[in-house]
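Here's a walk through the model shown below, for someone meeting it fresh. We'll begin at one residue and work outward.

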Amino acid sequence: MLTRCGFCGLSFAPPPCSTPVDLAFIIDSSGSIGLRNYRKQKIFVKEMAKSFGLSPNGSRAAMVVYSNSASVKARFGEFAEETELARAVDGLPYERGLTRIDKALELTASDIFAKGSRAGVPKIAMLITDGTQTPAADAKGL
């Protein structure tokens, strides 16, 4: 089945991934991304999750959303299949804050991967952003 990319508009058929992975989506909910692009991110996350074939013993997905701060929206093992993840993604509100990529990466490392990933399984963090962190006195270098 062909899928149309929400960012570039190209059609593609993502190959199914047969290797189980722990995949963390780090989703930009800042004001600079804009509501239209936020919606495109959500489509992208759902399509990528589908290509990895989520299942209890296969690939698993987690989600972190960030703007002024970062928050865990789903942990590994919370969804047994893509349809459950898709519903959760659809329900993510748009926050419109600053772009604190540092906080998102730190939370993903210290919580999502440190507390919930499986040993011996490849770990993937997929950061989605418009590319620029908001300068702040307490910001950590990327």
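Val72 is partly exposed, with a relative accessible area of 22%; the label covers values between buried, under 20%, and exposed, over 50%, using a 1.4 Å probe and protein chains only. You'll find Val72 in strand β5. What does Val72 touch, leaving aside residues up to four places away in sequence? Its contacts are Met63, Val64, Leu107, Asp111 and Ile112, where contact means heavy atoms within 4.5 Å. Ile26 sits 46 residues away from Val72 along the chain, and their C-alpha atoms are 9.3 Å apart.

A quick word on what you're looking at: this is a predicted model, in which local features need pLDDT of at least 70 and side-chain atom pairs count only at pLDDT 80 or more, while totals for chains, interfaces and linings use all residues. Residues are numbered from 1 along each chain as its sequence is written, and side-chain values use heavy atoms, with hydrogens and water left out.

Now the whole protein. It has 3 helices and 6 strands, which are DSSP runs numbered from the N terminus (H or I of at least four residues for helices, E of at least two for strands). Starting at the N terminus, the order of elements is β-β-β-α-β-β-α-α-β. Of the 142 residues, 41% count as buried. Among contacts with a separation of 6 or more, 79% come from residues 24 or more positions apart.

Back to the sheet. Four strands make an open sheet in the order β5-β4-β3-β6, with mixed pairing; two strands pair if DSSP finds at least two bridges between them. β5 (70–74) and β6 (123–127) are the edge strands, each with a single partner, so one side of each has no neighbour in the sheet. From one strand to the next, the twist averages 20 degrees. β4 (residues 60–66) pairs with β5 in the antiparallel sense over 4 bridges, and Met63 has Ala74 in β5 as its bridge partner.

Helix α1 packs on this sheet, touching β3 (22–28), β4 and β6, and its direction makes about 175 degrees with that of β3. Angles here run from 0 to 180 degrees between N-to-C directions, with axes fitted to C-alpha atoms, for helices over the stretch in contact. Among the buried residues of α1 are Tyr38, Val45, Met48 and Phe52. Just after α1, Gly53 has a positive phi of about 60 degrees.

How do two of the helices compare with their expected spans, taken as 1.5 Å times one less than the number of residues?

| Helix | Number of residues | Expected span | End C-alpha separation |
|---|---|---|---|
| α1 (35–52) | 18 residues | 26 Å | 26 Å |
| α3 (101–116) | 16 residues | 22 Å | 21 Å |

The separation agrees with the expected span for α1, and it agrees for α3 too.

α1 also has a helix partner. Its axis and that of α2 (residues 82–90) come within 10 Å and cross at roughly 170 degrees. That makes α1 roughly antiparallel to α2, a label for angles over 145 degrees. Where they meet, α1 brings Lys42, Val45, Lys46, Ala49 and Lys50, while α2 brings Glu82, Leu85, Ala86, Val89 and Asp90.

Finally, α3 bends by about 35 degrees at Thr108, the bend being the angle between axes fitted to the seven residues ending there and the seven starting there. Thr108 is one of the buried residues of α3, along with others including Leu107, Asp111 and Ile112. The buried residues of α3 pack against β3, β4, β5 and β6.

Note on methods:
The expected span of a helix is 1.5 Å times one less than its number of residues. Angles under 35 degrees count as roughly parallel, over 145 as roughly antiparallel, 65 to 115 as roughly perpendicular and the rest as oblique.
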